[in-house]
Amino acid sequence: MEAKGYRQEGIISDVKQHSLAAEAGIQPGEHLCAVNGLPVRDILDVSFAAADTDVTLTIRGTDGILRNVSLSKDPDEELGLSFEQAVFDRICLCHNKCVFCFVDRMIPGLRKTLYVRDDDYRLSFLYGNFVTLTNLTDDDYRRIIMTHMSPLYVSVHATDSAVREKMMFNRRAGSLMQDLQRLFDAGIHIHAQIVCCPGWNDGAVLEKSYRDLLARADCVEDMAVVPVGITRNTENLPDLRTFTPEEARQLVDTVTAWQEECRRRLGRTFICLGDEFYILAGRPLPPADWYDGFPQLENGIGLTRNFTEEWDAAERRSTDGRMPAVKNYAVPVGVSAYGQLRPYLDAFNRRYGTDHVLVPVVNDFFGHTINVTGLLTGTDILHAVPEDRPVILPGPVLNADSLFLDGMPLAEFRRRAGRTVHIARGAAELHSLLLREEREWTDGHTAPGRTLPDRTREDAPNPTEYVRVFP
């Protein structure tokens with residue numbers, strides 16, 4: 001077939017054994033160019049077009065030659081194709097210049113994928129990436145509505161038009177409530193996020209946002225309020241500050257009252273705060289059932305409570321009594337998680353006669369105001385962990401390519417550490433690792449998670465791998 005040019009093609013990463021695609025001779029490394037003669041922009045186009053019973057795939061072979069592959073299938077039968085990335089054309093980028101943008105505050109000189117500012121509604125629907133809606137065209141809205149892409153994850157920040165325009169430095173940002181209503185009228189639901197900045201969108205502005213979203217709670221699934229993160233890179237950036245302990249206490253008290261109101265009116269909590277607010281305020285975290293099933297866990301909402309619930313469940317499953325002698329591990333965590341998790345590890349050591357240590361790692365790389373585990377770097381961890389202990393790394397400090405945020409490969413970390421290094425994806429896996437003798441595990445046991453900044457990688461093979469499961 002003539003090598004017709006296509007603007008976008010999906011690179012096939014895997015073909016499931018015994019699938020329709022495999023039986024038709026389609027191979028990894030080939031490109032999917034069209035389905036039933038129509039170009040495909042992303043895996044959503046593929047899924048929608050491939051719902052027919054008779055499907056013709058236009059495939060570009062590794063030799064560059066195009067061929068048509070005709071398949072007959074049941075309506076719900078899968079093709080068996082996986083792709084290197086979900087979006088075949090270019091990811092939609094952010095048109096805003098938000099005062100709090102973490103990408104702008106990223107330390108210079110890191111791998112380029114950490115500086116990609118995605119704002120793509122497709123990644124929002126598929127993987128929970130937050131979008132602002134400021135770059136959507138009428139065609140985008142029509143596609144969202146026609147294919148019912150629900151729910152979407154929306155960065156609200158403020159429902160006050162003037163405040164949102166000022167915070168995002170974009171005139172289009174002020175039409176948020178009209179944009180949302182367009183989606184709500186079509187039955188599209190959202191998960192809402194507010195990055196809360198002292199003096200910008202807290203106080204009365206935050207209350208207005210809460211009231212506006214609560215009034216549309218039939219379509220707004222939940223509302224997350226997370227604190228602004230400020231790195232040591234502040235050159236030529238807006239002057240922001242973090243919350244004080246007293247401000248955090250006031251915010252926790254205010255939101256707790258709103259939560260009680262929502263549980264009376266809606267039967268669910270609706271609005272939740274990031275864990276950092278409770279830690280800064282010195283207040284206990286809400287019980288697990290106040291997180292409504294943890295719908296924004298990857299956004300850090302309820303991360304610590306979910307971890308402790310999983311840990312407690314692992315403890316209940318464990319047999320009583322002391323275990324055989326085990327290696328005593330060092331477990332590095334962010335400063336904010338240290339105080340929350342140490343009592344659990346101390347109780348574990350008392351129960352099993354072990355001497356594992358939790359190590360609070362100060363973030364010298366990004367700055368000391370950044371204190372969450374998922375933003376720790378290999379360099380800072382190496383400097384903090386004691387030299388005489390094997391290490392269990394929290395999964396979120398690594399991306400899917402086993403790289404730390406400072407670009408250090410896991411293999412280099414292991415070489416420089418000169419000792420056994422394991423990875424724990426969450427509380428249950430950490431609990432299991434702490435109970436087993438070191439010889440029962442191999443260095444090949446890795447299960448990296450994802451950190452939030454790296455979720456925007458354009459070359460990510462599967463954005464769902466960017467998961468925060470460790471406080």
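This report walks through a pocket, several salt bridges and a sheet in a predicted model.

**The second largest pocket**

Let's begin with a cleft that may catch your eye. The second largest pocket has a volume of about 380 Å³. Its lining is made up of 20 residues, and Ile43, Val46, Ser47, Leu81 and Phe83 are the closest to the pocket centre. Two elements, α2 (43-49) and β6 (81-83), give two or more residues each to this lining. In chemical terms, the lining of the second largest pocket divides into eleven nonpolar, five polar and four charged residues.

**Salt bridges**

Next come the charged pairs. Side chains of opposite charge can pair when their charged atoms come close. Here the count comes to 24 salt bridges. Three of them are set out below, with the N to O separation for each.

| Salt bridge | N to O distance | Where the residues lie |
|---|---|---|
| Asp89 and Arg122 | 2.9 Å | loop between β6 and α3; helix α3 |
| Arg249 and Glu246 | 3.2 Å | both in helix α8 |
| Asp355 and Arg389 | 3.0 Å | loop between α11 and β12; loop between α12 and β13 |

Take the pair of Asp89 and Arg122, whose side chains meet at 2.9 Å, N to O. This salt bridge links distant parts of the chain, with 33 residues from one partner to the other: Asp89 sits in the loop that runs between β6 and α3 (121-127), and Arg122 belongs to helix α3. Which of the two classes, buried or partly exposed, does Arg122 fall into? Arg122 has a relative accessible area of 3%, so it counts as buried. Asp89, by contrast, is partly exposed at 23%.

The pair of Asp355 and Arg389 also connects distant parts of the chain, the partners being 34 residues apart. Asp355 lies in the loop between α11 (335-352) and β12 (357-361), while Arg389 lies in the loop between α12 (378-384) and β13 (391-394). Their accessibilities fall in two classes: Asp355 is partly exposed, with a relative accessible area of 41%, and Arg389 is buried at 13%.

A local case is found in helix α8 (residues 245-265), where Arg249 and Glu246 are three residues apart, about one turn of the helix. Both partners are partly exposed, Arg249 at 27% relative accessibility and Glu246 at 40%.

Some salt bridges share partners. In this way Arg41, Asp42, Asp45, Asp89, Asp120, Arg122 and Arg143 are joined into one network. Asp89 and Arg122, described above, are thus among the members of that network.

**A four-stranded parallel sheet**

Now to the backbone. Strands of a sheet pair through backbone hydrogen bonds, either parallel or antiparallel. How are the four strands of the open sheet ordered, and is their pairing parallel or antiparallel? The order is β7-β8-β9-β10, and the pairing is parallel. At the edges are β7 (152-155) and β10 (271-273), each of which pairs on one side only. From one strand to the next, the twist averages 20°.

Inside this sheet, β8 (residues 190-196) and β9 (residues 220-227) pair in the parallel sense over seven bridges. If you want a spot to look at in the viewer, try Ala192, whose bridge partner in β9 is Met223.

**One more arginine**

Finally, Arg342 lies in helix α11. With 40% relative accessibility, Arg342 counts as partly exposed. Its C-alpha atom is separated by 37 Å from that of Arg265, and the two residues are 77 residues apart along the chain.

Definitions and conventions:
Residues numbered from 1 in each chain as written. Predicted model: local features only at pLDDT ≥ 70, side-chain atom pairs only at ≥ 80, totals over all residues. Heavy atoms only, no water. 1 Å grid on protein atoms, 1.4 Å probe; cavity = no way out; pocket = protein on both sides within 12 Å on 5 of 7 lines; lining within 4 Å. Points joined across faces, edges and corners; volume = space filled by probe spheres on them. Nonpolar A, V, L, I, M, F, W, Y, C, P; charged D, E, K, R; others polar. Salt bridge = Lys/Arg side-chain N within 4 Å of Asp/Glu carboxyl O. Buried < 20%, exposed > 50% of the residue type's maximum accessible area, 1.4 Å probe, protein only. Pairing = 2+ DSSP bridges. Axes fitted to C-alpha atoms, helices over the stretch in contact; angles between N-to-C directions.
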